[in-house]
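Q: I have just opened this one and would like to talk it through with someone. Could we go over it step by step?

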Amino acid sequence: ERRYSVTAAMLLCDVGLFGAGLWLVDGGSTAGFLAAQPIFATVFFRSFGILHEAGHGNCSSRRWLNTLTGHWASLWCFTPFFPWKDLHQKHHVWTGNAERDPTMRNLKVWRDARHVPWPVRFGWRSWVPLAALAQHLVFLAYPFRLMREDPTKIPEAALSVLFLPVAYGG
């Protein structure tokens, strides 16, 4: 499929970049380690972009290929595909509605309580990306939230979350 060739080329490029980063780290030098960090950040960022496009169905006209691509990209950005996709679709439906947008849930709680937790304030003021870490925890715990909200989505969300450690362990 012609449209997918660009995505496939980007995925292969990212694998090559990741390999280059590993090669630099494997040398054992501090300079190699430091040089690898922007490479790994680039792979992470680009992979998240591909995961995003796969979630919107933009990588291919075939649903199964978007799903496969989303799962592959999830390996490189540490974000389980189906939980991210489900939350992101809800975000698009409810953007601007703080009561319903799942990405605004904590902000609403903090506003109602008139209290922002200190780690959030620290991360914001220091530019330490604690929110990014917290976001990953939200995606990893999403199958548990689905137990209350939509049990029909638990299997695909749980498999997507379990896919990451199984693939990393392999």
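Q: Is Lys-153 buried, partly exposed or exposed?
A: This is a predicted model, and in it Lys-153 counts as partly exposed, because its relative accessibility is 24%, while buried would mean under 20%.

Q: Which side chain does Lys-153 meet in a salt bridge?
A: The side chain of Lys-153 meets that of Asp-150, with 3.9 Å from N to O. Asp-150 is likewise partly exposed, with a relative accessible area of 21%.

Q: And which residues do shared partners join into one network there?
A: Salt bridges with partners in common bring Asp-86, Lys-90, Asp-150 and Lys-153 together into one network.

Q: How many salt bridges does the count come to?
A: The count comes to 6 salt bridges. One of them is between Arg-46 and Asp-14, whose side chains meet at 2.5 Å, taken from N to O. That pair links distant parts of the chain, since Arg-46 belongs to helix 2 (residues 30–55) and Asp-14 to helix 1, 32 residues apart.

Q: Is Asp-14 buried or exposed?
A: Asp-14 counts as buried, at 2% relative accessibility, whereas its partner Arg-46 is partly exposed, with a relative accessible area of 24%.

Q: What about Glu-149 and Arg-145, how far apart are they in helix 7?
A: Glu-149 and Arg-145 are 4 residues apart in helix 7 (residues 130–149), and therefore about one helical turn separates them. Their side chains meet in a salt bridge of 2.9 Å, N to O. Glu-149 counts as partly exposed at 39% relative accessibility, and Arg-145 counts as buried at 16%.

Q: Changing topic to the rings, how many aromatic pairs are there in the whole structure?
A: A search of the whole structure gives 7 aromatic pairs. Among them is the pair of Phe-18 and Trp-76, which is edge-to-face, with 4.8 Å from centre to centre and 70° between the planes. This pair also links distant parts of the chain, as Phe-18 sits in helix 1 (residues 2–26) and Trp-76 in helix 3, 58 residues apart.

Q: Which of those two rings is buried, and which cluster are they in?
A: Trp-76 counts as buried, at 17% relative accessibility, while Phe-18 counts as partly exposed, at 26%. Ring pairs link both of them with Phe-40 and Trp-72 into a cluster.

Q: Which residue lies over the face of Trp-94?
A: That is Arg-100, which lies over the face of Trp-94 at 4.1 Å from the ring centre.

Q: Back to helix 3 for a moment: is His-71 buried or exposed?
A: His-71 lies in helix 3 (residues 63–77), and it is buried, because its relative accessible area is 14% and the cut-off for buried is under 20%. Apart from neighbours within four places in sequence, His-71 is in contact with Phe-81, Phe-82, Ser-160 and Phe-163.

Q: Last thing, what volume does the largest pocket have?
A: The largest pocket has a volume of about 930 Å³. Its lining is made up of 28 residues, and those that lie nearest its centre are Thr-103, Asn-106, Ala-131, Ala-134 and Gln-135.

Q: Which elements give two or more residues to that lining?
A: Those elements are helix 4 (81–94), helix 5 (105–113), helix 6 (118–126) and helix 7. The largest share of the lining of the largest pocket comes from helix 7, with 8 residues.

Key. Residues are numbered from 1 along each chain as its sequence is written. This is a predicted model: local features need pLDDT of at least 70, side-chain atom pairs count only at pLDDT 80 or more; totals for chains, interfaces and linings use all residues. Side-chain values use heavy atoms; hydrogens and water are left out. Buried means under 20% relative accessible area, exposed over 50%, partly exposed in between (1.4 Å probe, protein chains only). Contact means heavy atoms within 4.5 Å. Rings of Phe, Tyr and Trp (its six-membered ring) pair if their centres lie within 6.5 Å; planes under 30 degrees apart count as stacked, over 60 as edge-to-face and the rest as tilted. A charge sits over a ring if NZ of Lys or CZ of Arg is within 6 Å of the ring centre and within 35 degrees of the ring normal. A salt bridge is a side-chain nitrogen of Lys or Arg within 4 Å of a carboxyl oxygen of Asp or Glu. On a 1 Å grid over the protein atoms alone, a cavity is a set of points where a 1.4 Å probe fits but cannot get out, and a pocket is an open set with protein on both sides within 12 Å along at least five of seven lines; lining residues have an atom within 4 Å of a point. Grid points are joined across faces, edges and corners, and a volume is the space filled by probe spheres set on the points.
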